[in-house]
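Colleague: I have the sequence and the coordinates open. Can we go through a few spots together?
Modeller: Sure, put it up and ask away.

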Amino acid sequence: MKTIALYSIKGGVGKTASAVNLAYLSSITEPPTLICDLDPQGASSFYFRIVPNKKYSSKKFLKGDTKIYNNIKGTDFDNLDLLPADFSYRNLDIELLEEKKPQKKLKNNIRELNTEYPFIFFDCPPNLTLLSESVFTASDIILVPLIPTTLSLRTFKQLLDFFKECKLDTAKIKGFFTMFERRKAMHREIVKKYSGKKRFLRQIIPYNSEVEKMGIYRAPLNAVRPNATAAIAYQELWKELINEIGQ
Amino acid sequence: MRTSIEPEFFSISDTFDLPVFLRYPNTPFSFKAQPLKRELFHCYDTFDWKAWNKKTAVVICRQQLSLLDLKNGNAINSSAFRKTPRSFFPEDIAEEKTASALKTLSKLRAFIKLGSVETTTKTWHALDENQKTVAFIELRSIVPQNHKKAQNSVAVITLTPVRGYRKELEKLADCLAQNPAFTGETTYRNFYTAILDAAGLVPGSYSSKPSVTLKPEKTIQDSARKLLLSPLEVIHANEAWISKNIDTEFLHDYRVAVRRTRSILAQLKGIFPPEELSRYKRAFMELGKRTNNLRDQDVYLLQAERFRNLLPPAMREPLDPFFMDLRNRHKEELRVFSKYLRSEHYRLLLQEWQSFLDDDIPSEPDTTPNALRKTSNVAVSSIKKAWKRVIRHGRDISRVATDTELHALRIDCKKLRYLLEFYAPLFPAKALQKVVSQLKVLQDNLGVFVDLSVQQNYLYSYLSNIECAADHIPLASSLGGLVTALYNERETVRMNFHDAFDTFDRQETEDLLNELFNHYR
C-alpha cells in the first residue's frame with residue numbers, strides 16, 4: 001500500500017482538484033483506490049456527490065479500522081472509493097490531543113485497509129496542526145501543490161523547516177506547480193528555476209478554467225473532460241509520480 | 001466500486017416492461033439509462049460438467065475468459081482471452097492464476113465449448129437526490145436462438161449496490177418487488193441454466209457413473225439388466241467423442257464402461273442363458289482389447305513431462321523422438337479404432353446387446369437357475385465372496401510380494417470395487433463409502449505398481465527394437481535411465497504394499513462389511 005497526501009499550508013492551490021484527479025487516474029492504473037477526505041469543508045466528497053452517513057463523525061474516524069471501513073462509500077467510478085469528511089472533522093485536532101500517540105494515529109487507523117487498496121490518497125485541510133503531523137507520519141509521499149509565486153515558495157520552505165525541526169523525512173515531500181499561467185513572467189521564472197529540481201516534480205498543471213468547472217460536473221476532470229489541458233497534465237503528472245514510486 | 005459486492009438477482013415475467021416501470025417510478029430515485037450492450041456468451045465446461053458440479057460457470061465473453069461463481073455471478077477469476085476455441089486445457093491459458101483456477105476444476109479433462117448464446121444487457125444508474133449513483137440495475141435477456149421459440153425468453157434483473165449504499169438498494173428492491181410481474185428473487189445459477197437451456201443443454205446430464213435405482217426385492221435378472229444398461233449409456237455417450245481426440249477421458253470412461261459390463265457379466269452366473277452370456281463376454285473382452293494400446297499411449301503422453309523430469313536435464317532431450325514416435329503411433333491407433341467404431345460389426349454388436357437387455361427372457365430352471373433370486377441376496381453373497389477372496393489372496397502374499405501376486409490381487413480388488421459400486425443403492429451409504437475409501441488405498445497402491453510395471457515392459461520392448469546405429473545411443477541411454485527410475489519407484493511402491501493391505505485387512509473394515517451384510521438379515 002502506498003499513501004499519498006495532497007497537502008499545503010495555503011488554501012486554494014489545487015489540493016482537492018489534484019487529489020480527485022490523481023486518485024481517479026490511480027483507480028484506473030492501480031485499482032482499487034481510496035480517497036480519504038480529511039478536510040471538514042468536504043470538497044472532495046462534494047465532487048463525488050457523497051454525503052457521509054448521519055452517524056459518522058470525527059470520533060468514529062479516530063476509532064479506526066472497522067468504523068472507517070463501514071463508512072467507505074463507492075464513487076460513481078469503478079474501483080474508486082471515498083471516505084467522506086464530516087463537518088465534525090473541524091474538531092479533529094482537539095480530539096487528537098487526547099490520544100496517546102496522536103502523530104501515529106492515522107497510520108495505525110488505516111492499517112487494515114492496506115490489503116484492499118494499493119493506493120490511498122489523503123485530501124488534507126490547509127493548515128499545520130496535529131492532524132497534519134499525523135498525516136505526515138502516515139504518508140509515503142506528501143504532494144504539495146504550489147502556485148508559482150514567492151508566497152507559495154515561502155510556505156513550502158516553512159514546511160521543509162518544520163520537517164527538519166521535527167526530524168521528519170523531508171524526502172517524502174514533493175512539490176509541483178499548479179495554476180501556471182504562461183503570460184505571467186513571475187510564473188515562468190519560478191517554474192524555470194524550480195521545476196524538476198530537488199523536491200520538485202517536473203510536470204506542471206497549467207491554469208485551466210475547466211478545473212473550476214469540476215464543481216459543476218461534480219466528477220474528476222479526467223473522467224468528464226479527459227482532453228482538457230489540465231486533465232492531460234494530470235495524466236502526465238501521475239505517470240511521473242508512478243515512475244518515481246517505482247524507483 | 002462494484003467488485004466485492006454481492007448483487008441480487010430477480011426473475012421477471014415476460015409482461016414486465018422495466019424501461020416503462022422506471023419512467024414512472026414510485027421510488028425516491030431517478031434513473032439514468034446506459035447504452036444497450038449485446039454480448040455473445042460462449043459457455044464452456046468439461047464433458048462431465050466438472051465446473052458446474054463445483055458451482056462455477058466458465059465463460060468467454062467480451063474477450064475475457066471468466067470463472068463465475070454460480071451463486072452470485074461474481075468473477076472468481078478473469079483474464080484476457082481473444083479466442084473462442086472448440087476446446088482448451090487449463091495449461092493452454094497463459095495467465096497463471098486463471099490456469100491454476102481451471103486446474104482446480106479439472107486436471108485431465110478439456111473444457112469444451114458447449115454453446116454460444118447472445119444476451120442483451122441494459123443498465124440503469126439509480127441516482128439519489130444528489131444525482132449520486134447508489135445502485136446499478138441491469139436487465140439481462142437471452143436473445144432467442146433461431147431454432148428455439150421465443151416463448152422461453154428469460155430475463156433477469158440484477159441489482160448491484162454501490163459500496164456504502166446498502167439501505168438504498170433495499171429500498172429499491174422493495175419498490176421493484178411491489179410490481180406483480182416480479183416473480184421473486186433468483187440466483188445467477190438459474191440465469192446460467194437458462195443460458196444453457198437456450199443452447200439446448202442440460203447441465204449435469206453426463207456422468208461416468210450414472211445412478212441406477214435398484215430395489216432389493218426385485219429379481220436379480222431385472223436388476224442386472226438395469227446395471228448393464230447404465231454402462232451402455234456411457235459407451236454411447238463417449239463413442240462419438242473418442243475420435244475427436246479432445247482429451248483422454250472419453251476413451252477412459254468408455255473403457256471403464258466396457259470393463260464394468262464385463263465384470264457384471266462375469267459375476268452373474270445362472271442368470272442369463274449361458275450361450276448368450278459367453279458370446280457377450282467374449283465380445284466385450286475383444287472390444288476392451290482394441291483400446292488397450294490407445295490407453296497405454298494416452299498414459300505415456302499424459303506423463304511425458306513427469307518422465308522427462310525423472311532424468312537429469314542433459315538426458316531429457318534425447319527422449320523427444322520417443323514421444324514423437326508414440327504420438328504417431330497413437331494417431332494411427334486412434335484412426336484404426338475410430339474406423340472400427342463406425343463399422344457395421346460394432347453397430348450390430350451394440351444393437352443386439354441393447355435388444356438383449358430390453359428383452360424379457362423367461363427364466364428356465366436348467367439354463368438360468370438363479371434368475372429369480374432376490375437382488376439383495378445376490379448382492380450380499382457376491383460381495384461377501386469377493387471380499388473373502390481379496391483377504392485370502394492378500395494374506396497369502398509373501399513378504400517380497402511378487403509381480404504375479406500383486407497383479408492377481410489387483411484384479412480381485414477391482415471385482416470387489418465394482419460390486420460395491422453396482423449394489424451401492426441397496427446399502428447404507430455411510431458404511432459403504434467407508435469401505436470403498438479403505439479399499440481405494442489398497443487399489444491405489446496396486447494400480448501404481450501395475451502401471452509402473454507395464455511402463456517398464458513397454459520401454460524394454462521399445463529398447464530391444466532400436467536399431468544399433470550410433471545416433472541412437474543418446475535415446476537408448478535416456479530410455480535406460482527412465483527404466484531405472486521407474487524400477488526404483490516401483491520397488492518403493494512394492495515395499496508399501498503390506499501397509500496398504502493392512503489398512504484394508506482390519507477389524508474396522510470387517511465390521512463395516514458385516515454391517516452391510518446384516519442389512520438384509
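Colleague: Which residues of helix 14 of chain B meet helix 16 of chain B?
Modeller: On the helix 14 side of chain B they are Gln438(B), Leu439(B), Val441(B), Leu442(B) and Asn445(B). Helix 16 of chain B brings Phe497(B), Ala500(B), Phe501(B), Thr503(B) and Phe504(B). Keep in mind that this is a predicted model.

Colleague: How do the residues of that contact divide into nonpolar, polar and charged?
Modeller: Seven are nonpolar and three are polar, with no charged residues in the contact of helix 14 with helix 16 of chain B.

Colleague: At what angle do helix 14 and helix 16 of chain B pack, and how far apart are their axes?
Modeller: The angle is about 160 degrees, and the axes are 8 Å apart. Angles over 145 degrees count as roughly antiparallel, so helix 14 and helix 16 of chain B are roughly antiparallel to each other.

Colleague: Is the crossing left-handed or right-handed?
Modeller: Left-handed, for helix 14 of chain B passing helix 16 of chain B.

Colleague: Over to chain A. How do helix 6 and helix 7 of chain A pack?
Modeller: Helix 6 of chain A covers residues 102–109 and helix 7 of chain A covers residues 130–138. Their angle is about 50 degrees, with the axes 7 Å apart. The two helices of chain A are therefore oblique to each other, and their crossing is right-handed.

Colleague: Which residues meet there?
Modeller: From helix 6 of chain A, Pro102(A), Gln103(A), Lys104(A), Lys105(A), Leu106(A) and Lys107(A). They meet Leu130(A), Glu133(A), Ser134(A), Val135(A), Thr137(A) and Ala138(A) in helix 7 of chain A. By class, that contact has five nonpolar, three polar and four charged residues.

Colleague: Staying in chain A, where is Leu221(A), and what is it in contact with?
Modeller: Leu221(A) lies in helix 12 of chain A, residues 221–224. Setting aside neighbours within four places in sequence, the contacts of Leu221(A) are Asn21(A), Glu210(A), Val211(A), Met214(A), Ala228(A), Ala230(A) and Ala231(A). Ser18(A) is 203 residues from Leu221(A) in sequence, but their C-alpha atoms are 9.8 Å apart.

Colleague: Why does Leu221(A) count as buried?
Modeller: Because 24 other C-beta atoms lie within 10 Å of Leu221(A), and the cut-off for buried is 20 or more.

Colleague: What about backbone oddities? Which residues does the cis peptide bond in chain A join?
Modeller: Pro31(A) and Pro32(A), with omega at about -15 degrees. Pro32(A) is in the loop between helix 1 (15–29) and strand 2 (33–37) of chain A. Most residues other than glycine have a negative phi, and most peptide bonds are trans.

Colleague: And in chain B, what is the phi of Trp49(B)?
Modeller: Positive, about 60 degrees, although Trp49(B) is not a glycine. Trp49(B) is in the loop between strand 3 (37–45) and helix 2 (50–53) of chain B. Trp49(B) counts as partly exposed, with 18 C-beta neighbours inside 10 Å.

Colleague: Same question for Asn245(B): what is its phi?
Modeller: About 55 degrees, also positive, and Asn245(B) is not a glycine. Asn245(B) is in the loop between helix 6 (220–242) and helix 7 (249–267) of chain B. Asn245(B) is partly exposed, with 15 other C-beta atoms within 10 Å.

Colleague: Now the wider view. How is chain B divided into domains?
Modeller: Domain 1 runs over 8–198, domain 2 over 207–372 and domain 3 over 374–521. The centres of domain 1 and domain 2 of chain B are 40 Å apart, taken over C-alpha atoms. Seven residues of domain 1 of chain B are in contact with eight residues of domain 2 of chain B. On the domain 1 side, those residues are four nonpolar, one polar and two charged.

Colleague: How many helices and strands are in chain B, and how much is buried?
Modeller: Chain B has 17 helices and eleven strands. Of its 521 residues, 29% are buried. The C-alpha trace of chain B spans about 85 × 70 × 50 Å along its principal axes.

Colleague: Last one. How many residues does each chain give to the contact between chain A and chain B?
Modeller: Ten from chain B and twelve from chain A. The chain B side divides into three nonpolar, four polar and three charged residues.

Key. Residues numbered from 1 in each chain as written. Chains lettered and ligands numbered in written order. Predicted model: local features only at pLDDT ≥ 70, side-chain atom pairs only at ≥ 80, totals over all residues. Axes fitted to C-alpha atoms, helices over the stretch in contact; angles between N-to-C directions. Helix = DSSP H or I, 4+ residues; strand = E, 2+ residues; numbered from the N terminus. Parallel < 35°, antiparallel > 145°, perpendicular 65-115°, else oblique. Left-handed = near helix turned anticlockwise from the far one by under 90°. Contact = placed C-beta atoms within 7 Å. Nonpolar A, V, L, I, M, F, W, Y, C, P; charged D, E, K, R; others polar. Domains from an automatic or database assignment. Buried ≥ 20, exposed ≤ 12 C-beta atoms within 10 Å, placed from the backbone.
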